[in-house]
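These are notes on the model for a colleague who has it open. They take the chains and their interfaces in turn.

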Amino acid sequence: MSDFTTDKKAGHGEHYVRPFESEEIAFEELQDAAPSARFKLSVSGWIGAIIVSFWVFIGVFGPFLAPYHENDLPFPDDYSEYQAPKEGAFLGTDVEDRDVMSRIMYGAGRTIGIAFAGTVLAYFLGVVLGIGAAVAGPWVDMIVSRINDAFISLPTIMLGLVVVTAVGSSIPVLIVTAGLIYMTIVYRLARAIGMEIMVMDYVEAAKVRGEGIWWIVTKEIWPNAAMPLISDFGLRLIYVILFISSLSFLGMGVQPPQADWGLMVRENLGAFQTYGASLLPVVAPALAIATLTVGINLIVDDISAHAGGKLTKAM
Amino acid sequence: MLSLIVQRLLIGVVTVFAVSLIIFICTQWLPGDAAEIRLGQSATEANKAALRAELGLDKPLAVQYMNWATNFLQGDLGKSLAGDRSISESIGDRYQSTVTVSVLTAAIGIPLSLFLGIMAAMFPSTLYDRILTFVSVSLVAVPDFFTATLMVLIFVFAWDAVFGFQLANVVVIGNTQDMGVFELVGHYALPIATLCFVIASQVIRMTRAAVLNVMSSPYIEMAILKGVPRKRIILRHALLNAIGPIVNVIALNLAYLVSGVVVIEVYFAYNGLATFMVQGVQQRDFILVQSIGMLFCATYVILMLIADIASIVSNPRLRHPK
Amino acid sequence: MSDEDIVFEVDDLRIHAIRDDGSELPIVKGVDFQVKRGEVVALIGESGSGKTTISLSALGYCKPGLKFAGGAARLLGQDVTGMTTEELRPYRGERVAYLAQSAAATFNPSIKINEQVTEAPVLHGTKTQEEANKKALALYRALELPNPDTIGDRYPHQVSGGQLQRLMAAMALCGDPDLLVLDEPTTALDVTTQIEVLKAFKKVIKEEGAAAIYVTHDLAVVAQIADYIVVLYHGEIQEKGPTDTIINNPKHPYTKRLMAAVRPTPAAGQGDEDTGDHGREVPALEVRDVTAGYGKGPRGGPLVTILRDINLSIERGSSVGIIGESGCGKSTLARVMSGLLPAAEGDVLLDGKSMRASYRSRSRDNLRKVQFVYQMADTALNPRQRIGDILGRPLEFYHGLRGKKKRERVAELLTLVDLRPEFAQRLPHELSGGQKQRVNLARALAAEPEVMLCDEVTSALDSIVGANVIELLKRLRRETGVSFVFISHDLSTVASFADEIVVLYAGRVAEKGPTDQVLSPPYHPYTRLLISSVPEMRVGWLEESMQTREALAGIARGVKITDIGCPFFERCPLAIEGTCDKVDPPSRKDGSGHVIECHREISELGG
């Protein structure tokens with residue numbers, strides 16, 4: 001009997017059946033979300049990548065490409081400070097008549113290198129301790145986390161000043177200080193990510209299968225923790241750069257006569273404030289840091305958008 | 001809820017204690033002790049011993065710590081190594097200028113950036129929102145002295161070039177004793193403006209995120225589907241739930257102000273607590289560093305604690321238990 | 001009927017999703033149906049069918065990322081698809097109201113309930129606050145909420161989930177809307193609560209004379225509440241018609257498949273056939289006098305007791321179903337068996353030999369023989385491991401298989417669970433929900449276990465997919481001879497699969513025995529409640545069940561764990577004051593393995 005209609009516009013109350021070819025149609029279950037799109041940089045991300053590559057290039061090859069040594073005087077016959085930009089010194093000279101551009105090129109490697117090494121150290125320590133605390137169980141976790149909380153509740157720059165006062169400033173000290181101070185934040189992040197993964201059923205499944213701790217950490221936890229942690233690296237790097245250059249600006253970072261961007265701002269600030277002298281010796285290094293950190297930030301934005309924006313950008 | 005707050009307060013006390021220990025131990029690393037630094041390398045052992053006894057340095061470390069801590073709690077910050085003047089006395093007006101700048105910054109910067117942040121959340125993806133987000137995200141990533149340099153370039157040099165006069169002092173010196181609020185703002189215009197920009201970039205971004213986060217929750221969707229007007233959705237439904245995160249943001253940024261002020265004071269060369277501390281660092285005057293560092297850290301911890309408690313108090317589940 | 005009776009009409013409605021790259025993907029592909037005054041139209045389909053999206057069009061609303069791409073949705077004759085938020089305001093909350101799936105998420109946690117319930121009519125100016133309060137109070141009464149006079153002064157987190165669901169109905173009805181949109185309003189509830197809520201909804205819809213769109217995936221629920229059914233698949237209507245016609249005379253193969261996936265209501269004679277003669281052998285797994293919970297209490301026992309004095313045994317090759325409402329300790333029992341939660345007292349025996357309480361100290365062979373299958377395949381499979389590695393690891397770990405042998409075995413396992421061997425190369429997120437659940441089962445099978453503990457393995461799946469997984473489980477049981485412990489809150493699912501059923505209530509065994517006997521009288525009063533709460537797929541069942549004494553006793557309350565007496569006391573229509581609440585119930589046995597823990601005589605528990 002055909003008491004139904006196949007007309008889509010069937011009136012209310014009528015029995016409509018969509019035409020079908022056979023009784024044996026396969027009604028496929030819908031696939032879950034398609035594999036996540038490959039990571040792609042946006043336009044601003046590309047701009048950031050170009051800026052950062054530029055500075056990394058300068059950081060590595062700067063000392064070879066710079067027209068002068070960082071402490072050379074480009075115009076040995078003219079000892080006047082703060083000379084305006086001219087041929088032979090495109091960015092002018094500084095308080096001690098040194099070439100600003102050469103000092104920026106020398107300083108690039110130092111600023112980026114110290115910050116990078118400090119961040120890597122912070123990551124190494126923070127991740128090992130953080131994942132360790134997540135795996136080791138409540139007691140270890142509580143003790144390490146409490147100590148970490150005490151350190152994290154100190155303003156970084158103050159802690160940096162106290163440490164540098166105590167042990168004196170040198171490049172290794174700066175790296176270790178930055179590493180230890182920022183380890184606290186990486187620890188917190190790594191622990192949170194580790195904890196989140198630890199309660200996943202697949203980790204429990206591995207445990208109840210009888211797997212050892214090494215397998216669980218390396219095969220179950222780490223592959224899942226790596227991505228969010230790596231995407232946070234850029235952000236941490238920005239904060240370490242700001243930290244190191246602030247210390248240098250306060251005179252507690254890289255020591256003269258070596259060149260460092262933060263230090264350059266400090267050295268030339270007096271003349272900048274009293275106006276009239278050249279602006280470039282202060283503006284150029286400050287701008288150098290700003291472009292570097294904003295460049296990194298542009299890349300970080302793309303990464304965190306890709307990762308779903310759930311990264312802890314606030315810290 | 002009360003027990004939670006008490007618990008947080010206890011943790012706060014423990015943290016302050018831990019912080020003081022960290023600072024105390026850090027300064028113990030220094031080669032040589034106070035007696036040696038004050039009397040110089042050439043002093044006789046007998047003289048040094050006498051001074052050590054006077055300063056209590058011959059006692060065990062634990063006792064030294066106890067003395068320092070109890071004195072600190074009573075407002076006695078010890079004597080600086082450089083001179084015989086007590087630190088508490090020399091702090092006086094420096095303390096005042098640091099607090100003045102911080103309070104004025106907070107009073108101007110926070111309401112303004114809250115407003116801007118909420119507006120950005122109300123009109124997401126508009127041109128206004130995009131520009132604000134871009135500026136605040138960029139400002140977060142640059143050093144404070146870069147922002148300060150920008151301020152000087154714009155409000156002093158460019159202003160001078162265009163209007164023929166400087167809008168503010170680059171070097172902030174002078175007596176502030178009889179100034180009213182507006183005169184103070186004028187006097188500290190550049191440091192305040194810089195700090196405002198620094199904290200605004202954070203507060204705007206985080207306020208916007210907090211409100212947007214609430215705006216994406218199902219109960220806001222429900223309010224939309226009930227036909228609730230947009231203004232009421234923001235002001236009654238969303239903000240009520242975003243207060244916790246926002247208060248948290250404010251407290252965190254006030255805490256940031258405490259340390260951020262160091263760079264700014266040095267940059268604009270006025271005598272605040274932080275410049276005093278930096279001087280101490282340069283002279284390796286560790287008693288001074290210890291004491292002022294402790295002062296800053298304690299303030300910071302207290303503000304963080306307030307942030308923590310604020311987020312507890314603003315949680316309806318904790319405020320109205322079953 | 002004249003056209004004026006049409007409250008809502010969807011005319012060739014098309015809705016597209018906007019992808020990240022700006023391209024559009026059709027989600028709803030030209031749908032037509034109408035809703036008349038006083039009528040409930042059900043939209044039924046599985047996830048991804050577009051049913052929620054279509055229902056929201058009645059409010060002129062698209063979820064973020066979607067947009068109206070064609071056709072019309074006419075509410076009271078006005079097309080709402082093109083309207084601005086401003087233009088829609090007079091309709092929303094006033095002409096048309098929405099009830100979401102999760103009331104807990106839909107109520108603003110910071111605002112008192114009454115303000116939220118009365119907000120819409122007051123804002124629209126159709127009622128004064130006074131009138132709205134009066135209306136709300138009447139609704140609280142009609143919805144049989146406890147303490148109707150004061151419940152509005154509470155905050156949402158201060159009332160239970162089932163109550164909140166009914167309060168949401170009050171919120172929707174407070175503005176006297178012409179059309180109600182109900183989006184799976186009972187899906188998240190236990191069966192016993194579901195029937196209460198369903199009853200309240202039906203009554204109120206009838207009294208208020210509103211029309212309603214009821215979105216659900218559950219045909220049995222639809223049969224109770226809808227006048228007209230629209231069957232959706234992939235954003236298209238496959239079949240629509242009056243409820244009676246669709247339920248009793250479905251024509252489209254998809255509708256038939258949906259109907260077939262609905263397991264018959266539990267009754268005697270459905271249990272899977274007993275596969276072999278496992279008579280008096282030692283049971284594969286046995287639980288003896290187990291008490292378990294969380295934390296450490298003062299006297300050595302657990303701080304919070306979840307399970308008390310549990311005894312049960314799983315014969316070799318048999319399947320035991322464990323049933324009960326949420327909070328009864330079903331999952332906890334499985335965790336005790338697997339050693340994830342060490343029992344505080346009692347023993348778990350494998351092949352007659354006692355095992356250590358914690359998995360940490362169990363031997364690798366013991367761990368291999370008891371495999372746990374998780375409910376959510378999404379979290380049970382490591383998203384960074386390929387299927388081949390996920391299945392390969394237990395093979396390597398327990399059986400030392402490597403290289404080619406391992407690959408071959410992985411392919412065998414995949415074939416065993418009806419997946420193509422190529423799946424070994426895929427990552428979990430490249431699989432559908434049902435496929436993931438199959439991999440999840442295959443991983444447990446890879447260990448070659450004696451007992452598989454399946455914790456709600458079909459609960460997160462759509463009905464057809466879930467039915468297929470049950471078929472797979474039945475086949476696996478026949479082919480492998482493995483014993484199964486099957487945990488579910490869904491009595492129909494358990495009844496279709498298990499040889500024996502254990503009914504848990506508040507951490508105690510209320511009744512256990514062969515499936516046929518548990519599902520036929522005499523019953524434990526709790527079993528009876530569970531059975532009578534499972535909606536039957538026939539029109540009129542809800543009305544009949546409202547007349548039973550369980551329903552009349554109003555016993556849809558939360559599960560409460562008690563230290564003495566029978567924990568079911570408060571909800572039991574047969575409770576004996578002074579006995580049931582004071583003394584632990586005795587075990588009433590009928591000699592064939594059927595045990596009922598009740599103070600009432602067996603003769604009192606029949607019929």
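1. Helices here are DSSP runs of H or I with at least four residues, and strands are runs of E with at least two. On that basis chain B has 14 helices and zero strands. Its pattern along the sequence is therefore an unbroken series of α elements, α-α-α-α-α-α-α-α-α-α-α-α-α-α. The C-alpha atoms of chain B fill a box of roughly 85 × 65 × 35 Å along the principal axes. Please keep in mind throughout that this is a predicted model.

2. Chain B against chain C. The contact involves 21 residues of chain B and 25 residues of chain C. About 2400 Å² is buried between the two chains, with carbon and sulfur atoms giving 57% of that area. On the chain B side, B:M222, B:L225 and B:K226 lose the most area to chain C, and together they make up 29% of what that side buries.

3. Polar links between chain B and chain C. There are five salt bridges between these chains. One of them pairs B:R236 with C:E115, at 2.7 Å from N to O. The interface also has 13 residue pairs in polar contact, counted where both residues are at pLDDT 80 or more. Helices α10 (218–225), α11 (230–267) and α14 (316–319) of chain B each supply at least two residues of the side that touches chain C. That side consists of 10 nonpolar, four polar and seven charged residues.

4. Chain A against chain C. Here 43 residues of chain A meet 60 residues of chain C. The buried area between chain A and chain C is about 4400 Å², and carbon and sulfur atoms account for 51% of it.

5. Polar links between chain A and chain C. Three salt bridges cross this interface. In one of these, C:R335 is joined to A:E204, with the closest N and O atoms 2.9 Å apart. Polar contacts number 16 residue pairs, again with both residues at pLDDT 80 or more. The elements of chain A that each give at least two residues to the side touching chain C are β1 (16–17), α6 (201–209) and α7 (213–249). The largest share, seven residues, comes from α6(A). By class, this side of chain A has 18 nonpolar, nine polar and 16 charged residues.

6. A strand pairing between chains. Which strand of chain C is joined to β1(A)? The partner is β10 (residues 236–242) of chain C; two bridges link the strands, which run antiparallel. Within this pairing, A:V17 stands opposite C:E239.

7. Domains of chain C. Chain C is divided into domain 1 (3–108 + 176–261) and domain 2 (285–520). Their C-alpha centres lie 37 Å apart. Nine residues of domain 1 are in contact with seven residues of domain 2, and the two domains bury about 800 Å² between them, 49% of it on carbon and sulfur atoms. In domain 1, C:E46, C:D190 and C:A261 lose the most area to domain 2, together 54% of what that side buries.

8. Links between the domains of chain C. How many salt bridges are counted between domain 1 and domain 2 of chain C? The count is zero, while two residue pairs are in polar contact, both residues being at pLDDT 80 or more. Helix α10 (residues 253–261) of chain C gives the largest share of the domain 1 side, four residues. That side divides into three nonpolar, three polar and three charged residues.

How values were computed: Residues are numbered from 1 along each chain as its sequence is written. Chains are lettered from A and ligands numbered from 1 in the order in which they are written. This is a predicted model: local features need pLDDT of at least 70, side-chain atom pairs count only at pLDDT 80 or more; totals for chains, interfaces and linings use all residues. Side-chain values use heavy atoms; hydrogens and water are left out. Contact means heavy atoms within 4.5 Å. Buried area is the accessible area (1.4 Å probe) that two parts lose on being put together, summed over both. A salt bridge is a side-chain nitrogen of Lys or Arg within 4 Å of a carboxyl oxygen of Asp or Glu. A polar contact is a pair of N or O atoms within 3.5 Å; within protein, one must be able to donate a hydrogen and the other to accept it, and residues adjacent in sequence count only if both atoms are side-chain atoms. Ala, Val, Leu, Ile, Met, Phe, Trp, Tyr, Cys and Pro count as nonpolar, Asp, Glu, Lys and Arg as charged, and the others, Gly among them, as polar. Two strands pair if DSSP finds at least two bridges between them. Domain bounds come from an automatic or database domain assignment.
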